[in-house]
Amino acid sequence: MRTLRTVTALRAELASARRAGRTIGLVPTMGAFHAGHVSLMERAKQETDVVVVSLFVNPTQFGAGEDLAAYPRDEQRDAEIAEAAGVDALFAPSVEEVFPDGFQTTVTVRELARPLEGAQRPGHFDGVATVVTKLLNIVGPDVAFFGQKDAQQALIVRRVVRDLDIPVRIEVCPTVREPDGLAMSSRNAYLAPAERERAVALRRALDAAEAAVAAGERESVAVAAAAQQAMEPYGVEPEYLALVSAATLQPVERIDVDGEILVALAARVGPTRLIDNILITANATNGRP
Ligand code: AMP
């Protein structure tokens with residue numbers, strides 16, 4: 001596996017593969033790899049000939065007072081994990097390489113970026129949409145792989161690709177979880193042992209939402225109440241807990257509408273902010289491992 005730090009070096013690295021008609025897969029990440037990241041790399045390996053992983057802690061998607069400075073960074077460990085997963089190229093540019101002096105262009109998505117994470121983290125999705133657009137332009141992949149763990153992000157990326165006619169297929173991969181159900185996240189490393197035990201509250205809430213729907217509940221308010229109640233024993237309160245259309249992210253009042261419903265949840269466990277979600281439908285549940 002080669003590590004490339006500039007756009008020019010990465011493009012040169014990929015040029016011969018592209019000329020030879022080999023397909024290129026991209027997995028955009030911020031590093032601190034866990035099994036969720038590895039699952040995307042493995043999926044990319046299965047579906048494309050040359051796998052590029054980008055490792056870039058994108059400052060523009062962190063708000064003031066968020067954890068940019070504290071974000072876990074260990075490029076050497078990440079490189080070993082990526083290499084073991086069969087990744088061909090690690091693109092690890094500096095902030096100046098991606099956002100040189102004079103940079104002044106932003107990709108903004110409107111409605112899809114407003115609710116949920118967008119409401120809690122102003123500007124976050126501008127940062128995400130802009131950097132993902134750049135990474136897609138830099139790498140020129142045939143397929144790019146994202147996690148369902150960040151459901152709103154995946155939806156926004158799909159929208160950007162359609163709206164800006166970027167020639168790439170977006171694949172969204174299932175959420176990889178710890179044995180107790182906690183969604184894997186680089187931010188789980190912030191959790192003290194007692195917080196780590198309480199962090200399972202998010203998954204328990206989503207389980208309770210799923211169980212309520214399976215038992216016939218169709219009112220979103222009641223489903224959300226059941227979910228919130230399931231978190232209480234852990235002393236964890238949701239920042240938001242919303243039942244929304246998985247296509248538009250608009251709130252749904254009843255579960256019997258057509259199409260999938262996203263149950264989206266964010267909560268702080270101690271100082272650490274975690275998110276999770278599941279997809280449900282009136283007839284069956286999915287989005288589960
Ligand atoms: P991050 O490094 O946190 O920006 O994540 C990079 C990619 O990995 C994003 O597409 C995430 O949605 C995805 N990802 C993060 N956590 C998980 C997980 N537990 N399971 C599957 N994919 C994940």
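This text goes through helix 9, helix 10 and the residue Ala151 in a predicted model.

Helix 9 covers residues 201-214. With 14 residues at 1.5 Å a residue, helix 9 should span 20 Å, and its end C-alpha atoms are indeed 20 Å apart, so the expected and computed lengths agree. Helix 9 is mostly covered, since ten of its 14 residues are buried. Among these buried positions are the alanines Ala201, Ala205, Ala208, Ala209 and Ala212. Leu202, Leu206 and Val213 are buried as well, and so are Arg203 and Glu210. Just after helix 9, Gly216 takes a positive phi of about 110°.

Helix 10 follows, at residues 220-231. Its twelve residues should span 16 Å at 1.5 Å a residue; the end C-alpha atoms lie 17 Å apart, which agrees. The buried residues of helix 10 are Ser220, Val223, Ala224, Ala227 and Met231. These five cover an arc of only 95° around the axis, and therefore sit on the same side of helix 10. Val221 and Gln229, on the other side of helix 10, are exposed.

What do the buried residues of helix 10 pack against? Their partners are helix 9, strand 7 (238-245) and strand 8 (261-269).

The pairing of the two helices can be described in more detail. Helix 9 and helix 10 pack at an angle of about 145°, and their axes are 7 Å apart. Their crossing is right-handed. Helix 9 contributes Ala201, Leu202, Arg204, Ala205, Ala208, Ala209, Ala212 and Val213 to the contact. From helix 10 come Val223, Ala226, Ala227, Ala230 and Met231. By class, the contact holds twelve nonpolar residues, no polar ones and one charged residue. Several of these residues also appear in the lists of buried positions: Ala205 and Ala208 are buried in helix 9, while Val223, Ala227 and Met231 are buried in helix 10.

Ala151 belongs to another helix, helix 7, which runs over residues 151-163. Is Ala151 buried or exposed? At 13% relative accessibility it counts as buried, because the cut-off for that class is under 20%. Leaving aside neighbours within four places in sequence, Ala151 is in contact with Leu262 and Asn277. Leu262 falls within strand 8 (261-269), one of the elements that the buried residues of helix 10 pack against. Ala151 and Ile275 are 124 residues apart in sequence, but their C-alpha atoms are 9.8 Å apart in space.

How values were computed:
Residues are numbered from 1 along each chain as its sequence is written. This is a predicted model: local features need pLDDT of at least 70, side-chain atom pairs count only at pLDDT 80 or more; totals for chains, interfaces and linings use all residues. Side-chain values use heavy atoms; hydrogens and water are left out. Helices (H or I, at least four residues) and strands (E, at least two) are DSSP runs, numbered from the N terminus. The expected span of a helix is 1.5 Å times one less than its number of residues. Buried means under 20% relative accessible area, exposed over 50%, partly exposed in between (1.4 Å probe, protein chains only). The arc is that of the directions from the helix axis to the C-beta atoms. Contact means heavy atoms within 4.5 Å. Axes are lines fitted to C-alpha atoms, for helices over the stretch in contact, and angles run from 0 to 180 degrees between N-to-C directions. A crossing is left-handed if the near helix is turned anticlockwise from the far one by less than a right angle, and right-handed if clockwise. Ala, Val, Leu, Ile, Met, Phe, Trp, Tyr, Cys and Pro count as nonpolar, Asp, Glu, Lys and Arg as charged, and the others, Gly among them, as polar.
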